[in-house]
Amino acid sequence: MLLISCPFIIGLLKNDLQESSENRTLEQWDDVFNDELTLENTFLRIDKYWNDQHGLRQQLNNGYSAFRYKIGIVSSSDPTWHYGKDGWLFEHQKENDLSEEDLNAWKKYFDYRGRTARELGIEYIVLFAPKKSSIYPEKFNKPEPPKNAASQLYDYLSTASHENILDIRSALISKKDTDQIYHKLDIHWNAHGANYAHVELMSRVSEILDDNFYKARVYDQSWFTLEDAKEIGLAKAFNLQDYLHERQPWFADASRFCTRLLASPLDENAAPLDFSSRVININSFKTHCPAGKGRALMFVDSFSNLLWVFVSEYFQEVTYISGGKIPKTDSDLKVLLEKYRPDILIEEIAEKHASKTPQ
């Protein structure tokens with residue numbers, strides 16, 4: 001009886017509210033009285049509050065998730081997450097075939113980007129960042145990974161003379177026996193994967209700009225160290241962040257990089273790179289590398305959280321633009337290109353977005 005009563009007693013005694021690892025806001029006491037005050041509504045909200053705020057809630061939830069993981073029954077409240085083989089976690093989004101209209105919309109999108117850039121004497125290149133299931137299909141633990149709309153798009157663009165749209169899947173697959181290049185517990189590539197991706201990107205940049213200065217450099221194992229990674233994204237989605245950790249490659253010595261980081265494109269105070277937090281979240285910012293050459297403008301998403309560390313080493317200045325700040329129209333793109341005057345515009349797009357028709 002005492003054991004059963006523990007959550008109730010602790011819930012009454014604790015002063016702090018539970019923190020959520022479930023990517024949602026937990027019910028608060030004030031929420032109980034937000035709805036129309038009927039007897040039924042009040043008891044329903046009290047029940048929700050208790051379910052979210054009872055004592056030992058986080059510990060009990062985590063323990064239950066760990067038990068399910070140990071016996072091989074793992075599920076997430078979000079159906080877009082998938083538990084694969086050997087403890088690998090995946091994003092699992094249903095993707096439909098792209099229609100001819102969808103494919104043509106992507107072609108027009110890249111055409112107008114390239115045309116607008118070239119009118120200003122600026123080169124344009126697109127890097128698709130592959131989904132983890134594209135590189136590690138054998139870890140997906142089902143007959144086959146979900147349909148990948150990007151494959152259809154690659155085939156279509158290859159017949160439309162879009163040689164500057166990079167499909168780096170084969171290059172990354174060839175490296176996965178040498179190094180683990182994606183996180184087991186997150187959807188993104190790790191530092192090794194970002195390194196190999198940058199080699200493919202900069203090899204093409206060197207060809208486009210016809211300048212061997214940009215030829216991809218080899219960052220060997222001496223640049224990296226292995227460290228324990230905690231709080232990895234998909235582990236949190238499965239409520240297993242306290243139990244699932246992985247060893248990840250990280251940068252051994254930030255001082256070996258020439259890049260200096262500015263907090264925003266308008267910042268003038270460059271600071272040395274600092275990798276001590278073990279988390280690098282991309283946003284709109286600018287980098288300077290005195291040993292670099294020329295300028296680049298790069299449109300990015302979360303796959304560039306590590307990629308930018310390598311790319312920044314080649315240019316004196318790189319401006320990174322993310323999220324809603326990425327221009328959608330010809331006119332907005334032209335304004336941005338005229339403002340920063342880069343030698344090249346690089347657009348990194350997560351492969352999973354291929355199923356979404358560009359606006």
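**Exercise 1. Surface and interior of the chain**

Task: State how much area the chain exposes and what share of it carbon and sulfur atoms supply. Then state what percentage of the residues count as buried.

Solution:
1. In this predicted model, the exposed area of the chain is about 18,500 Å².
2. Carbon and sulfur atoms supply 50% of that area.
3. The chain has 359 residues, and 50% of them count as buried.
4. The secondary structure consists of 11 helices and 12 strands.
5. Taking contacts between residues at least 6 apart in sequence, 72% join residues at least 24 apart.

**Exercise 2. The two sides of helix 6**

Task: For helix 6 (residues 149–158), list the buried residues and explain how they are placed around the axis.

Solution:
1. The buried residues are Ala149, Ala150, Leu153, Tyr154, Tyr156 and Leu157.
2. They cover an arc of only 165° around the axis, so they lie on the same side of helix 6.
3. The general rule is that an α-helix has 3.6 residues a turn, so residues three or four places apart point the same way.
4. Asp155 and Ser158, on the other side of helix 6, are exposed.
5. The cover over the buried residues of helix 6 includes helix 4 (100–119) and helix 7 (169–173), along with strand 3 (123–129) and strand 4 (165–167).

**Exercise 3. The length and ends of helix 8**

Task: Compare the span of helix 8 (residues 191–209) with the expected value, then identify the residue that caps its N-terminal end.

Solution:
1. Helix 8 has 19 residues, and from its first C-alpha to its last it reaches 26 Å.
2. At 1.5 Å a residue, 27 Å is expected, and the span of helix 8 is close to this.
3. The N-terminal cap is Asn190, with a side-chain oxygen 3.0 Å from the backbone nitrogen of His192.
4. Asp210, just after helix 8, has a positive phi of about 50°.

**Exercise 4. Strand 6 and the loop after it**

Task: Describe the pairing of strand 6 with strand 5, then find where Thr259 sits and which residues its side chain contacts.

Solution:
1. Strand 5 (residues 224–229) pairs with strand 6 in the antiparallel sense, over 6 bridges.
2. Opposite Thr225 stands Trp250 in strand 6.
3. Strand 6 (residues 246–251) is mostly covered, with 5 of its 6 residues buried.
4. Thr259 is in the loop between strand 6 and strand 7 (260–262).
5. Thr259 counts as buried because its relative accessibility is 0%, and the cut-off is under 20%.
6. The side chain of Thr259 makes a polar contact of 2.5 Å with that of Glu313.
7. A polar atom of the Thr259 side chain also lies 3.5 Å from the backbone oxygen of Ser312.

Definitions and conventions. Residues numbered from 1 in each chain as written. Predicted model: local features only at pLDDT ≥ 70, side-chain atom pairs only at ≥ 80, totals over all residues. Heavy atoms only, no water. Buried < 20%, exposed > 50% of the residue type's maximum accessible area, 1.4 Å probe, protein only. Helix = DSSP H or I, 4+ residues; strand = E, 2+ residues; numbered from the N terminus. Pairing = 2+ DSSP bridges. Contact = heavy atoms within 4.5 Å. Areas by Shrake-Rupley, 256 points an atom, 1.4 Å probe, with all protein chains shown as cover. Arc of directions from axis to C-beta. Expected span 1.5 Å × (residues − 1). Polar contact = N/O pair within 3.5 Å; in protein donor to acceptor, adjacent residues only side chain to side chain.
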